[in-house]
Protein chains: 2
Amino acid sequence: MLETDDPRAGGMKTDRVTLRRRPQRAAYDESTIFAILDATSLCHVGFVLNGQPFVIPTSFGRAGRTIYLHGAAASRMLRELSTGVAVCVTVTVLDGLVLARSIFHHSVNYRSVVILGNATPCEGEEKLRGLKVVSEHIIPGRWAEVRGPNATELRATSLLKLEITEASAKIRHGPPIDDEEDYELGCWAGVLPFALVPQEPVPDPRLATGIDVPEYVRSFRARRR
Amino acid sequence: MLETDDPRAGGMKTDRVTLRRRPQRAAYDESTIFAILDATSLCHVGFVLNGQPFVIPTSFGRAGRTIYLHGAAASRMLRELSTGVAVCVTVTVLDGLVLARSIFHHSVNYRSVVILGNATPCEGEEKLRGLKVVSEHIIPGRWAEVRGPNATELRATSLLKLEITEASAKIRHGPPIDDEEDYELGCWAGVLPFALVPQEPVPDPRLATGIDVPEYVRSFRARRR
């Protein structure tokens, strides 16, 4: 199933995740895929229930070739995924609007990853390690400072893992590409870039006086993106 | 199938989209759902191919109770959706990280909408109107300034519509909610808000001199969010 004629192909490429259109925007190597996964902590999880696809946003973490999803044990999505059904995890980072001179050539600059597979539940030590992976993926430094999960909380939490073995990345960047004759049109063209920017932290109204915003929260601004 | 005992219930609520957990975070009324859809132009589209769910990011537009999706006529997703298969369109706006004193009560502030249905292709005048809806949803003002689609471009483009009749919104906002005994812990707690912020526009390297960034691009900063 693996193809090796693509210089950027890696172990993640299968027929199901191969981009047919604009293959020059595709990548299948670990480093490209992992970099996109690490640029955000929000993913969209797709699964099928009674023939109907559902797409649910949720947080995730990555360690090596493993994606971890967590949530309430009572959650419909996690219960369904725990049974090993086919799942699709998609991560998208929106980088900007591409404004061309013709409406047809308008586009979006973005980086996305699509992962196919089956999730399996983690228990015991693996579950605790995986929960830490998710926490540290979302905001590095937080896990060490807060109260860890007790037995009741662990029971109320599900942690699933998904091995990244079948995945593709798609990247569009750079300026608009117009038809040659349209470059003479007088309208502005270019890219309106976007950035997901952390704002000033908002203390909990019940925060005790004298507790400063930690450095790892303050510096989050610089690390992400 | 509709329930009317929920004060926020609207015509969008069915059993399949009803939130079982944390129903206080759910909404089914048009104004809440439309406001979230209008806060972004990125959605994640879920569909099933040979039993495997796929989740693909794409731009969308909304007019009234209709969602429009567009793309290359040759796109696998659009060809598949054109056949009327079950689809799920999910929109998520990430508002911030909720940092509690216990790892268990960490959360995310966000607004999301899940729409279930079946898409149908648009042709002729309806297609042109729908393409304008998508364009104006992404960046209002752009359609009037650029070269419109010619016959060849229209043939190469698919436009699908999806009526919003079965949908739910989920919203989490506000500070962390810790267990009462954890409020005495000495760690910082609160929200780290996020904003998707347009950056300085980047002119096309081939832009002719003397063409300024249009006001509707400059003011995009203030309108979105």
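This short talk walks through a predicted model of two chains, A and B.

Some ground rules before the tour. Residues are numbered from 1 along each chain as its sequence is written, and chains are lettered from A, with ligands numbered from 1, in the order in which they are written. Since this is a predicted model, local features need pLDDT of at least 70 and side-chain atom pairs count only at pLDDT 80 or more, while totals for chains, interfaces and linings use all residues.

Start with chain A on its own. Chain A has 6 helices and 11 strands. These are DSSP runs, numbered from the N terminus: helices are H or I with at least four residues, strands are E with at least two. The C-alpha trace of chain A spans about 65 × 50 × 35 Å along its principal axes. Of the 225 residues in chain A, 43% are buried. Buried means that 20 or more other C-beta atoms lie within 10 Å of the residue's own; exposed means 12 or fewer, and partly exposed is in between, with C-beta atoms placed from the backbone.

Next, contacts. Two residues are in contact if their C-beta atoms, placed from the backbone, lie within 7 Å. Take the contacts in chain A between residues at least 6 apart in sequence: 72% of them join residues at least 24 apart.

Now the two chains together. How many residues of chain A are in contact with chain B? The count is 80 residues of chain A, against 80 residues of chain B. Several elements of chain A each supply at least two residues to that side, among them β2 (42–49), β6 (107–118) and α3 (124–138). Which element gives the most? That is β10(A), with 9 residues. By class, this side of chain A has 52 nonpolar, 15 polar and 13 charged residues. For the classes, Ala, Val, Leu, Ile, Met, Phe, Trp, Tyr, Cys and Pro count as nonpolar, Asp, Glu, Lys and Arg as charged, and the others, Gly among them, as polar.

How are the copies related? A rotation of 180° with 0.0 Å of shift along its axis superposes chain A on chain B, with an RMSD of 0.0 Å. The two copies are thus related as by a two-fold rotation axis. In chain A, the C-alpha nearest the axis belongs to A:L196, at 2.1 Å. The same surface serves both copies, as 100% of the contact residues of chain A recur in chain B. The superposition is by least squares on the C-alpha atoms of residues with pLDDT of at least 70 in both copies.

Look at β10(A) again. Strands pair if DSSP finds at least two bridges between them. Inside chain A, β10(A) pairs with β5(A) in the antiparallel sense over 4 bridges. There, A:V98 has A:V191 as its bridge partner. Across the chains, β10(A) and β10(B) run antiparallel and are joined by 5 bridges. One partnership is A:P198 with B:F194. β10(A) also pairs with β11 (residues 202–203) of chain B, antiparallel, over 2 bridges. Here A:V191 turns up again, with B:V202 as its bridge partner in β11(B). The reverse pairing is there too: β11(A) meets β10 (residues 190–198) of chain B over 2 antiparallel bridges, and A:P203 has B:G190 as its bridge partner.

On to a helix. α3(A) has 15 residues and reaches 22 Å from its first C-alpha to its last, close to the 21 Å expected. The expected span is 1.5 Å times one less than the number of residues. Its buried residues include A:K127, A:L131 and A:I138. What covers the buried residues of α3(A) includes β3 and β4 (66–72) of chain A, together with β5 (86–99) of chain B.

Last stop, chain B. Is β4(B) mostly covered or mostly open? Mostly covered: 5 of its 7 residues are buried. β3(B) and β4(B) form a hairpin with 2 residues between them, and B:G64 in the turn has a positive phi of about 60°. B:L69 in β4(B) is the bridge partner of B:F60. On β8(B), B:L160 stands opposite B:L69.

Finally, the largest nonpolar core has 112 residues. A nonpolar core is a set of buried Ala, Val, Leu, Ile, Met, Phe, Trp, Tyr and Cys residues joined through C-beta atoms within 7 Å. Among the members that touch the most others are A:V113 and B:I115. Not counting residues up to four places away in sequence, B:I115 touches residues including B:I67, B:C88 and B:L162.
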